[in-house]
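This report walks through a few local features of one protein chain, moving from a strand pairing to surface patches and then to single positions. The sequence and the model are shown first.

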Amino acid sequence: MFPKKKENHKEEPQAVPQQEQPKAEPAPSTSSGQTAQDIQELQKQLEELRKEKDDIFAKLQRVAADYDNYQKRSARQIAESVAYEKDKIVKSLLPVLDNFDHIIANASSGVNDQALLKGVQIIYDQMLDILKGHGIEQIESAGEPFNPAHHEAITHRSENNKEEGLVLEELQKGYKLNGRLIRASRVVVNKLPSSQTPQQPEEPETKDTQ
């Protein structure tokens, strides 16, 4: 008898036990009480925002109204100030007109020319004092050097015994208001005839020496 062959029994691989996956915990369900509370909180915030918006809008309206009133008030104050200054100037000039009335009345009654001239000079000086009180001054021009900032040269004249550019005559008075020019003086300016300039002697030629 033949010996029995040994049977090779292959060991079947044992199945690796699968690791159990962690089970996802179910999301907590929000109760109806919490949802209602959240809605109330949002409504409260919305009301606060609406109230804040209304307050800001009301403030803007007040600011716009105040600015409009300020503009109207400023324009009215400026107009009143100008009217007041005009009234003050006119009132200060009324005495001058009164004095002119007196001079004219006396002239018609046979006052001599010398007395009339003296009265006019007094009124003229009074007028200058009034203008000076309002910041208006005359520009002194005759005998002064020509100044284009204060003088307007109407014509020229030649006087050899006086300096070049000197104001010889004042045709119309100039005035300044608080130091600012409001009308230039119209003047005649001295212009001397141009004299020939003496010719300079020619320089002697220098010879090149080598």
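In this predicted model, strand S4 (residues 174–177) and strand S5 (residues 180–183) pair in the antiparallel sense, and the pairing runs over three bridges. Within this pairing, lysine 176 has leucine 181 in S5 as its bridge partner. The hairpin of S4 and S5 has two residues between the strands, and asparagine 178 takes a positive phi near 50 degrees there.

Two surface patches can be described next. A negative patch is formed by Asp38, Glu41, Glu48, Glu52 and Asp55, and one of these residues, aspartate 55, lies in helix H1 (residues 32–108). A nonpolar patch on the surface is formed by Val90, Leu94, Leu97, Phe100 and Ile104, which together have about 460 Å² of accessible area. Leucine 94, one of the residues in that nonpolar patch, is likewise placed in helix H1.

The table lists relative accessible areas for three residues.

| Residue | Relative accessible area | Class |
|---|---|---|
| Aspartate 55 | 41% | partly exposed |
| Leucine 94 | 41% | partly exposed |
| Leucine 128 | 23% | partly exposed |

Why does leucine 128 count as partly exposed? Its relative accessibility is 23%, and because buried means under 20% and exposed means over 50%, leucine 128 falls in between. Leucine 128 lies in helix H2 (residues 113–133), and its C-alpha atom is separated by 8.4 Å from that of glutamine 138, the two residues being 10 residues apart along the chain.

How values were computed: Residues are numbered from 1 along each chain as its sequence is written. This is a predicted model: local features need pLDDT of at least 70, side-chain atom pairs count only at pLDDT 80 or more; totals for chains, interfaces and linings use all residues. Side-chain values use heavy atoms; hydrogens and water are left out. Patches are made of residues with over 30% relative accessible area and no salt bridge: like charges are joined within 9 Å, nonpolar side chains (Val, Leu, Ile, Met, Phe, Trp, Tyr) within 5 Å. Accessible areas come from the Shrake-Rupley method with a 1.4 Å probe; for residues, only the protein chains shown count as cover. A salt bridge is a side-chain nitrogen of Lys or Arg within 4 Å of a carboxyl oxygen of Asp or Glu. Lys and Arg count as positive and Asp and Glu as negative; His and the chain ends are not counted. The place of a charge is taken as NZ of Lys, CZ of Arg, CG of Asp or CD of Glu. Helices (H or I, at least four residues) and strands (E, at least two) are DSSP runs, numbered from the N terminus. Buried means under 20% relative accessible area, exposed over 50%, partly exposed in between (1.4 Å probe, protein chains only). Two strands pair if DSSP finds at least two bridges between them.
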